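Visitor: I would like to learn how to read the strands, helices and side chains of a model. Where do we begin?

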Amino acid sequence: MKKRIITGMLIAGAALCVAARDLVILHTNDTHSLILPDSDGKGGVLQRKAIIDSVKGKNKDVLLIDAGDKVQGTLYFKFFKGNVEYPLQNMLGVDISILGNHEFDNGLQALADKERMLKTERLSANYDFAGTPAEGLFKPYAIKNIGGKKVGFLGINIDPESIIAQANYEGMGFKDVIKTANETAAFLREKKKCDLVVAVTHIGYTKGNDKTTDPELARASKDIDIIIGGHSHTLIDPENPDKYPSIVENAEGRPVLIVQTGKSGKYIGQIRVDLDKLKTSTPADYEYSLIEVTDRFPDDKLDPKIKQFLQPFTDSLENVKRDVIGYATQDFLNDGRTGAFPNWTADFGSWYGNLVLDSLRQTDPATPRLDFAIMNVGGIRNPIPRGPVTAGQILSTYPFSNHFVIMRISGKDILETLNVAAKKGGEAVSHEVTVVCDGDRNVEHVLLDMKEIDPEKTYTVATIDYVAWGNDDMRSMANGEWIYCSENEVSEPIIRYMKELTRLGLPMRADQNARFIYKSQEQGK
């Protein structure tokens, strides 16, 4: 397969040469409301649009596909609830889109209201929206007639259980990923006589839980040629095929091309298919490349309509961005499951939980004391670099509409939760907890203030409602009994915590030592 990453100022070249019967598929996934470039100048909707326009200007048949999670992760979604991202999808010219799990963050009614704004073809073969506000908005497949060939697209979404808050998809049905994908692909191939079958998925490339992944779908398939994926934020780099292979053999030994562009719109994927050679080629022959989204295009080449559209939204966020509430003495990164940022987040949970319980104890002396806090690292959406910290950074970093919860829960359920967390590489637990694991990520000891947690004992734990409902694969947390739930979103007490630190002359700093301790294979012998 011809592959490369396209960088620098020029997109034109061998990767964009015009071929008479070529189909060019551009694709994005998990752009997560990154409207402006990041601190390194990567991404941003204006540069993405310029790249898309450049490719379209040099090729006759171009389709733009989005594989979900276009929202959530910056102040644009936090404040404007999709009124920026959805119109931008139309301005970018997205032809086919599917849902990510974060499109559900404000519930099904909000999802339906926003999805109706799209001009794109909305696909989902395995979500059943009958009887919900989204009924009739999605279809299982779409067929494009291009250059005398029929190209079929089907949409496949992730099992929502423990991924999406249950209240946000209440009434929606889910159908098995592999069974539905194979049935729909066979229908497109055999009944609709499609020459090329493309699955657009939001199920993930890497294995992080018991859900089906893109490679598993590929290996179980017979009629799918290409999988355009999302959810796991995997950058399938054609220059490094050993890390995340883009070619996987299907159930009959034929190649399937799997692609994904990481996250935040920092890359656009490009697949080039010679339609004249469909019968004599395989997906291993298709040209797959990544176009890096940098500041390559000068300002006068950027779309003026998008600039005009964005200006009032951007202006209204400036005050929040300028409101300095603290200072970080170190870089707080969100690219790992253990270390400084997860520790700081969980220690905030412990501090705030104790504050709440101390207040409740004024009227009820029998109120228990907090044992520890557990927060999900998936809720930490952005890094915070060393230096001044603004309210806007905190709101972007903790963007979800989660609420702080204090609950009573058995040691047995805690141990089950931490076993799940250990398999994934750790979770955000407060300073009172140490989890010791063997070389295979099996939990050997869970220590609370250096004493083993007792499965028969009941503990008082601080967390957020998303975790307390048993989401993020921490299903046993749902067995606990809530004794407190805050009215405000969790970002509000975090901002108060930051301001209290500043009032006391304390910076934002954290213990960097991992609280999930993984012994090496040699230590385990």
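**Reading the pairings**

Guide: Begin with one bridge: leucine 448 has lysine 451 as its bridge partner in S23. Keep in mind that this is a predicted model.

Visitor: Which strands does that bridge belong to, and how do they run?

Guide: Strands of a sheet pair through backbone hydrogen bonds, either parallel or antiparallel. Here S22 and strand S23 (residues 451-452) run antiparallel, joined by two bridges. Two residues lie between the strands in this hairpin, and aspartate 449 takes a positive phi near 50° there.

Visitor: What does S22 pair with besides S23, and over how many bridges?

Guide: Strand S21 (residues 433-437) pairs with strand S22 (residues 443-448) over five bridges, in the antiparallel sense. Valine 433 stands opposite leucine 448 of S22. Leucine 448 is also the residue bridged to lysine 451 in S23.

Visitor: Which residue has a positive phi in the hairpin of S21 and S22?

Guide: Arginine 441, with phi near 70°. That hairpin has five residues between the strands. The side chain is worth a look too: arginine 441 lies over the face of tyrosine 518, 5.6 Å from the ring centre.

Visitor: Now the open sheet. What is its strand order?

Guide: The order is S20-S17-S24-S19-S25. The sheet has five strands and mixed pairing. At its edges are strand S20 (428-429) and strand S25 (481-489), each pairing on one side only.

Visitor: Which helix packs on this sheet, and at what angle to S19?

Guide: Helix H8 (residues 340-360) does, and its direction makes about 80° with that of S19. H8 touches strand S17 (372-375), S19, S20, S24 and S25.

Visitor: How does mixed pairing show up around S24?

Guide: Compare two pairings of S24. Strand S19 (residues 403-410) and strand S24 (residues 458-464) run antiparallel, with seven bridges joining them. S17 and S24 pair in the parallel sense, over two bridges.

Visitor: Which residues of S24 stand opposite methionine 407 and isoleucine 406?

Guide: Methionine 407 stands opposite valine 461. Isoleucine 406 stands opposite alanine 462. Alanine 462 is also the bridge partner of alanine 373.

Visitor: Is S24 mostly covered or mostly open?

Guide: S24 is mostly covered, with six of its seven residues buried.

Visitor: How should I read burial along a helix?

Guide: An α-helix has 3.6 residues a turn, so residues three or four places apart point the same way. Now take helix H4 (residues 108-115): Leu108, Leu111, Ala112, Lys114 and Glu115 are buried. Helix H3 (85-92) and strand S5 (121-122) are included in what covers them.

Visitor: What do the aromatic rings do?

Guide: Look for chains of ring pairs. The count comes to 21 aromatic pairs. One cluster links Phe332, Phe341, Trp344, Phe348, Trp351, Tyr352, Tyr398, Phe404 and Tyr497.

Visitor: How many disulfides are there, and are cysteines 437 and 485 buried or partly exposed?

Guide: The structure holds zero disulfides. Cysteine 437 is buried, at a relative accessible area of 0%. Cysteine 485 counts as partly exposed because its relative accessibility is 36%, and the buried class needs under 20%.

Definitions and conventions
Residues numbered from 1 in each chain as written. Heavy atoms only, no water. Phe/Tyr/Trp six-rings, centres within 6.5 Å; stacked < 30°, edge-to-face > 60°. Lys NZ or Arg CZ within 6 Å of the ring centre and 35° of its normal. Pairing = 2+ DSSP bridges. Helix = DSSP H or I, 4+ residues; strand = E, 2+ residues; numbered from the N terminus. Contact = heavy atoms within 4.5 Å. Axes fitted to C-alpha atoms, helices over the stretch in contact; angles between N-to-C directions. Buried < 20%, exposed > 50% of the residue type's maximum accessible area, 1.4 Å probe, protein only. Disulfide = S-S within 2.5 Å.
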